[in-house]
Amino acid sequence: AARSAPSGNAWIKFGGPVLGGFGKFLLALAAIETLWGMLVIALSAIQFVYGQHPPVLQLAAGWVVFVLLVSLIGGQALTRPIFRRGSMGPGRRGLQGTIIVLYSVAVQVAGVWGVMEFRTQSASPTLAMASYVLFGVSCLLAGIVGIITALG
């Protein structure tokens, strides 16, 4: 029989049942999608402000520090029990979670395809930037809906 850790050890407590393995996977994926969406939107804004020469070294250093901190904190949170609200039935949660995972994969595939397409053809820079921002918004929305689903 599976035994849950005491609730005093949990970092996320909404008072409902303990989140299982798929729920923790969905929560981690949703958090990564949310951060990825915010990064893409931020990079779009920086590219718009700086034009052709954004400060790449500073952006890379900031991203590395950010990823390390989020990984440490997220790893600690995911190793402990997470108590969701329990407002959503398990069938609906599972179906919604599966759809969000498939949507996230589709968005990433479309993003890779877009990068390859805009890199090899002489496309409009405005269209490329609009596609990049739309990709970031799609990632952000998938992440937010995924977090709500995982903790619902």
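**Entry 1: the α1–α4 pair**

I began with the packing of helix α1 against helix α4 (residues 125–151), and I read an angle of about 155° with the axes 7 Å apart. Because that angle is over 145 degrees, I recorded α1 as roughly antiparallel to α4. I noted the crossing of α1 past α4 as left-handed. I then sorted the residues of the contact between α1 and α4, and I found 21 nonpolar, nine polar and one charged. I record here that the model is a predicted one.

**Entry 2: the chain as a whole**

I looked up the secondary structure of the chain and listed four helices and two strands. Along the sequence, I read their pattern as β-α-α-β-α-α. I noted that buried residues make up 28% of the 152 residues in the chain. I also looked at contacts between residues at least 6 apart in sequence, and of these 90% join residues at least 24 apart.

**Entry 3: helix α1**

I checked the span of α1, which has 30 residues. I found 43 Å from its first C-alpha to its last, close to the 44 Å expected at 1.5 Å a residue. I listed the buried residues of α1, among them G23, L27, A30, E33, T34, G37 and V40. After α1 I came to G51, and I noted its positive phi, near 80°.

**Entry 4: helix α4**

I repeated the check for α4, which has 27 residues. Its first and last C-alpha are 39 Å apart, close to the expected 39 Å at 1.5 Å a residue. I listed its buried residues, including F135, G136, C139, L140, G143 and G146.

**Entry 5: T34**

I placed T34 in helix α1 (residues 21–50). Is T34 buried or exposed? I read 12% relative accessibility for T34, and because buried means under 20%, I entered T34 as buried. Which residues does T34 contact, once its neighbours within four places in sequence are left aside? I found C139, L140, G143, I144 and I147. Of these, I followed up I144 and C139, both of which lie in helix α4.

**Entry 6: I144**

I read 38% relative accessibility for I144 and therefore entered I144 as partly exposed. I then took the separation of I144 from A30, a residue 114 places away in sequence, and found 6.7 Å from C-alpha to C-alpha. A30 is on my list of buried residues in α1.

**Entry 7: C139**

I found C139 buried, with a relative accessible area of 0%. Which residues does C139 contact, beyond its neighbours within four places in sequence? I listed E33, T34, W36, G37, V107 and Q108. Among these, E33, T34 and G37 are buried residues of α1. I also took the separation of C139 from L39, 100 residues away along the chain, and found their C-alpha atoms separated by 9.9 Å. L39 is likewise a buried residue of α1.

**Entry 8: summary of the T34 site**

I close with the pair T34 and C139, which are in contact. T34 is in α1 and C139 is in α4, and I have both residues down as buried. The two helices that hold T34 and C139 pack with their axes 7 Å apart.

Notes:
Residues numbered from 1 in each chain as written. Predicted model: local features only at pLDDT ≥ 70, side-chain atom pairs only at ≥ 80, totals over all residues. Heavy atoms only, no water. Buried < 20%, exposed > 50% of the residue type's maximum accessible area, 1.4 Å probe, protein only. Contact = heavy atoms within 4.5 Å. Axes fitted to C-alpha atoms, helices over the stretch in contact; angles between N-to-C directions. Parallel < 35°, antiparallel > 145°, perpendicular 65-115°, else oblique. Left-handed = near helix turned anticlockwise from the far one by under 90°. Nonpolar A, V, L, I, M, F, W, Y, C, P; charged D, E, K, R; others polar. Expected span 1.5 Å × (residues − 1).
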